[in-house]
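Me: I would like to go through this model slowly and ask what stands behind each of the words used for it. Please set each value against its definition before you conclude.

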Amino acid sequence: MLDLKYILNNKNYIIKKLSTRNYDISNIEKIVKLIEKRNQLIFKLEKLLAKKNELSQEIGIQKRNKKNPEKLINEVNLLKEEIDKIELKADKSINKVNELVLQIPNIPYDDVPIGHSDLDNVVIKEHPTLGRGLVKNVEPHYDIATKLDIIDFSRAVKLAQTRFVLYKKEGAALIRAFENFMLDTHIKNGYEEIMPPHIVNSKMLYGTGQLPKFKEDLFKLEGNDLWLIPTAEVPVTNYHYDEILDLSKPKKYVAYTKCFRSEAGSGGRDTRGIIRQHEFHKVELVKVVKQEDGMTEWEKMVNDAKNILELLEIPYREVMLSTGDIGFSSAKTIDLELWIPSEEKYRETSSISICNDFQARRAKIRYRNDEGKTTYAFTMNGSGLAIDRVMAAILENYQNSDGSISIPKVLIPYMNGLEKIEIKG
C-alpha cells in the first residue's frame, strides 16, 4: 500500500509510473479530489463544532442566571444534525479513499523495463548448457509419467476435478525428495524453516496484497472468513503482522506448503499435465529486512533460487519482468524459467520480487531504524522452487531413450539411492 501523504505530494510522479502498469490512473485523481472534499468537510465540521461549543457554554450561563435557554438548545440540536451529516459524508469519503488506495499497485523501480505484458519482459541471461543441455524430441511429461505409473491424472479428476493431480510410487517419492532437498539447501543458506497453516483469514490476504483485487483467484471456505493460501508468501510474510521487529539481522524464512489457486484468468491454458494446477507444491522464500538492506538481500534471494536449478542441473534463463507483467505488490521481479523440452521453451518456476514497504504498510510490519524511529520494513519473496514444474522438467530433461528417468545426482540420497525410474514389466 502506498502512503497517502506520498500520493498527495507526488501525484504527477505516481501517475507517470503507474501509467506503465496497466492501471487506471484516473483513480489517482479521484483519490486527490476525495481528500480535498474530505478536508473541506473537516474544515466545515470544525467550525460547526466550535459554534456548538460556544452555544453550549451560553446555555450553561443562561441556566445559571435562571433564564430559558430553549432557543439556544434548538440551535444546538440543529447543529448536531448538521454535524452528523457532515461526519457521515467525511467518513464515506475516507472509506472510498481507503478502498481505492488498496487497489493501487506498487511503484516499479526505474530500471524495470516498460511494457504492457510478458511479451515485453527482458531476458537477462541464459544457462543452456546445464545438465544435458537444451534437450529436444522427448515424450511430454504427462505421457511418460503415465507410462511409468507415477502420476494418475484420471483418478485425480475423479477425486476432485481437472487441474488436480495424484502422485504415486516413485512420483510421490520424488515430490518428497524435492521438498526435502530444497528445504535442506535453503536452511544451509541461513533460512529458518516455518510450517504455516494452509488456511488464513482475510486480514492476511489484504496484508500481502491478494485482496481485494485478486479475490476471484482464491478459494474461500464457505461460511467462514477463511481462505486457502495461494502461496506460502501469505502466511510467512504475515507471520510478523502488526509487530515491531529487531532487524539488526534480516529475517529469512523458508516454507514448504501446498498452494491453491482457482486460475480464474488462465483462459484454458496448460490444461494438460502439471504446469498449471489448482493445487500444487512449492517451497517459498521470504525475507523481512531493513530498508537499506533491501536490494542486497533481494539479489541474494535471486541467487539462492538459482542455486537450486544449478544443483539440479536443469537449463534455465533469468528474465526481468516488465512493468506490465510484475505482480501487484512487486516493485521489481526476476523470473527463473526452466527448460521444458516437449514445448521447446522455458517456463517460469520462480518469481523473486522485492516489494519495498508496500506489504509492510498493509500488514503493519515495522522496525526501529538507527535513529530509533519506528518505520516500515521491506519485504521480498520468491519460489525456491515451484515443485510441480520442476517435476515436469526432470521427467523430460532426464528422460532416457528406453523411457526411464534418471534421478538428478543431488536427489539420489533423498530417493534412498534410487538412480532411475523405470517402466515395470
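Me: Why is V165 called buried?

Reply: V165 has a relative accessible area of 16%, and buried means under 20% relative accessible area, with exposed over 50% and partly exposed in between, for a 1.4 Å probe and protein chains only, so V165 counts as buried. V165 is found in the loop between α6 (153-159) and β3 (166-167), where helices (H or I, at least four residues) and strands (E, at least two) are DSSP runs numbered from the N terminus. This is a predicted model, in which local features need pLDDT of at least 70 and side-chain atom pairs count only at pLDDT 80 or more, while totals for chains, interfaces and linings use all residues. Residues are numbered from 1 along each chain as its sequence is written, and side-chain values use heavy atoms, with hydrogens and water left out.

Me: What does V165 touch, leaving out residues up to four places away in sequence?

Reply: V165 touches I151, F153, A156, I274 and Q277, contact meaning heavy atoms within 4.5 Å. Of the pair V165 and I274, the C-alpha atoms are 7.3 Å apart in space, although the two residues are 109 apart in sequence.

Me: Why is R261 called partly exposed?

Reply: The relative accessibility of R261 is 30%, which lies between the two cut-offs, and therefore R261 counts as partly exposed. R261 is found in the loop between β8 (251-260) and β9 (279-289), and its contacts beyond four places in sequence include D217, F219 and T231. The UniProt annotation "binding site", from an unreviewed entry, covers R261 and also, among others, S262 and E263; such annotations may be inferred rather than shown by experiment.

Me: How do you know that T231, A232, E233, E284 and S383 gather at one spot?

Reply: UniProt, again in an unreviewed entry, places a "binding site" feature at these five positions, T231, A232, E233, E284 and S383. They span 153 residues in sequence, yet no two of their C-alpha atoms are more than 9.2 Å apart, so they gather at one spot.

Me: Are T231 and S383 buried or exposed?

Reply: T231, at 4% relative accessibility, counts as buried, and S383, at 7%, counts as buried too. T231 lies in the loop between β6 (227-228) and α9 (233-237), and S383 is found in strand β15 (residues 378-386). Leaving aside neighbours within four places in sequence, T231 is in contact with Q210, C259, R261, K282 and E284, while the contacts of S383 include K282 and E284.

Me: What makes α3 and α4 roughly antiparallel?

Reply: Helix α3 (residues 26-64) and helix α4 (residues 70-101) pack at an angle of about 160 degrees, with their axes 8 Å apart. Angles under 35 degrees count as roughly parallel, over 145 as roughly antiparallel, 65 to 115 as roughly perpendicular and the rest as oblique, so α3 and α4 are roughly antiparallel to each other.

Me: Why, then, are α7 and α10 called oblique?

Reply: The axes of helix α7 (residues 169-188) and helix α10 (residues 294-312) come within 11 Å and cross at roughly 130 degrees, a value that fits none of the named ranges, and α7 and α10 are therefore oblique to each other. The contact is made by F178, F181, M182, T185 and H186 of α7 and by D304, N307, I308, L311 and L312 of α10.

Methods
Axes fitted to C-alpha atoms, helices over the stretch in contact; angles between N-to-C directions.
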